[in-house]
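Work through the exercises below with the sequence and the structure at hand. Try each task before reading its solution.

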Amino acid sequence: MNPVKPIRGKLIILSAPSGAGKTTIVKSLMQKNLNLRFSVSATTRKPREGEIHGRDYYFLSENEFGKLLAGNAFVEHEEVYEGLLYGTLKSEVDRILATGSHALFDIDVMGGISIKEQYGEEALAVFIMPPGLGALKDRLVHRGTETEESLAHRIEKARWELSFSGRFDVVVVNDHLDDAIELVAEHIRKFTGQ
Ligand code: ADP
Ligand code: 5GP
């Protein structure tokens, strides 16, 4: 008798330079009927106003993060900005995939490439492209979360990250938000066979 193969979800990676609109798109996708569960990352960044531990991130001290790292608990991790660590926990991914839902990742470009390399055909890697660096800067200013220094840093990094868009399965330009959301949803439906 053949063993019954458990239903296993897939991985949907959304990566982009900071300010391109990943988080906004992720929130909309979660409201749709796509059988997605958000993969909550760990970070040493301090929570922003309104962010909740366990929902937006697992907010950890450097010491806690370091212990998990030493215990090989991460699928990938990056120092996304100087002194700030972010990482995808293996336990989080396994937990979601075992439910049969698809895991949705909002992670930086290098992290996205790393997960795609590890999971191959099981993962759909989507690069969210801003319409231009000017628009990216305007959005970050408008979001009001950055100091002048961190803004300059994010723009500088964005320039470099844009050069990796070719490593992703699909590139979606986030100019008109609703169009971008629908296009990403369509790619997910096709990939997951919904
Ligand atoms: P990321 O998660 O990639 O850093 P956010 O989702 O936080 O980006 O978006 C950055 C800012 O840009 C937010 O204030 C968001 O409301 C705004 N934004 C997102 N998409 C668009 C769009 N298509 N047009 C204009 N503003 C947008
Ligand atoms: P923010 O501080 O604005 O929430 O996130 C900064 C950047 O870190 C974003 O590009 C976000 O996608 C990325 N990020 C969040 N979680 C992870 C993660 O687990 N791994 C990696 N590599 N990047 C992450």
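The exercises that follow concern a predicted model with its ligands.

**Exercise 1.** Describe the shell of residues around ligand 1.

Solution.
Step 1: Start with the count. Ligand 1 is surrounded by 13 residues, and the closest are Gly19, Thr23, Thr24, Arg143 and Asp175.
Step 2: Sort the shell by class. Three of its residues are nonpolar, six are polar and four are charged.
Step 3: Look for the elements involved. Helix 1 contributes the most to this shell, namely three residues.

**Exercise 2.** Find polar contacts of ligand 1 and state how much of its accessible area the protein covers.

Solution.
Step 1: Check the backbone. A polar backbone atom of Gly21 lies 3.0 Å from an oxygen atom of ligand 1. For Lys22, a polar backbone atom is 2.9 Å from an oxygen atom of the ligand.
Step 2: Check a side chain. In Thr24, an N or O atom of the side chain is 2.5 Å from an oxygen atom of ligand 1.
Step 3: Apply the cut-off. A polar contact requires N or O atoms within 3.5 Å. The distances are 3.0 Å for Gly21, 2.9 Å for Lys22 and 2.5 Å for Thr24.
Step 4: Turn to the cover. On its own, ligand 1 has 560 Å² of accessible area, and the protein covers 77% of this.

**Exercise 3.** Is Ser18 buried or exposed?

Solution.
Step 1: Locate the residue. Ser18 belongs to the loop between strand 1 (11-15) and helix 1.
Step 2: Compare its value with the cut-off. Ser18 has a relative accessible area of 8%, and buried means under 20%. Ser18 is therefore buried.
Step 3: Add its partner. The side chains of Ser18 and Arg154 are joined by a polar contact of 2.8 Å.

**Exercise 4.** Describe the surroundings of ligand 2.

Solution.
Step 1: Count the neighbours. There are 17 residues around ligand 2, and Ser41, Arg45, Tyr57, Glu76 and Tyr86 come nearest.
Step 2: Sort them by class. The shell has five nonpolar, four polar and eight charged residues.
Step 3: List side-chain distances. An N or O atom in the side chain of Tyr57 is 2.6 Å from an oxygen atom of ligand 2. A nitrogen atom of the ligand lies 2.7 Å from a polar side-chain atom of Glu76.
Step 4: Consider the cover. The protein covers 95% of the 510 Å² of accessible area that ligand 2 has on its own.
Step 5: Place the ligand. Ligand 2 sits in the largest pocket. Strand 5 (74-81) and strand 6 (84-89) are the elements that give two or more residues to its shell. Strand 5 gives the most, with four residues.

Note on methods
Residues are numbered from 1 along each chain as its sequence is written. Chains are lettered from A and ligands numbered from 1 in the order in which they are written. This is a predicted model: local features need pLDDT of at least 70, side-chain atom pairs count only at pLDDT 80 or more; totals for chains, interfaces and linings use all residues. Side-chain values use heavy atoms; hydrogens and water are left out. A residue is near a molecule or strand if one of its heavy atoms lies within 4 Å of it. A polar contact is a pair of N or O atoms within 3.5 Å; within protein, one must be able to donate a hydrogen and the other to accept it, and residues adjacent in sequence count only if both atoms are side-chain atoms. Accessible areas come from the Shrake-Rupley method with a 1.4 Å probe; for residues, only the protein chains shown count as cover. Ala, Val, Leu, Ile, Met, Phe, Trp, Tyr, Cys and Pro count as nonpolar, Asp, Glu, Lys and Arg as charged, and the others, Gly among them, as polar. Buried means under 20% relative accessible area, exposed over 50%, partly exposed in between (1.4 Å probe, protein chains only). On a 1 Å grid over the protein atoms alone, a cavity is a set of points where a 1.4 Å probe fits but cannot get out, and a pocket is an open set with protein on both sides within 12 Å along at least five of seven lines; lining residues have an atom within 4 Å of a point. A molecule sits in a cavity or pocket if more than half of its atoms lie within 2 Å of its grid points.
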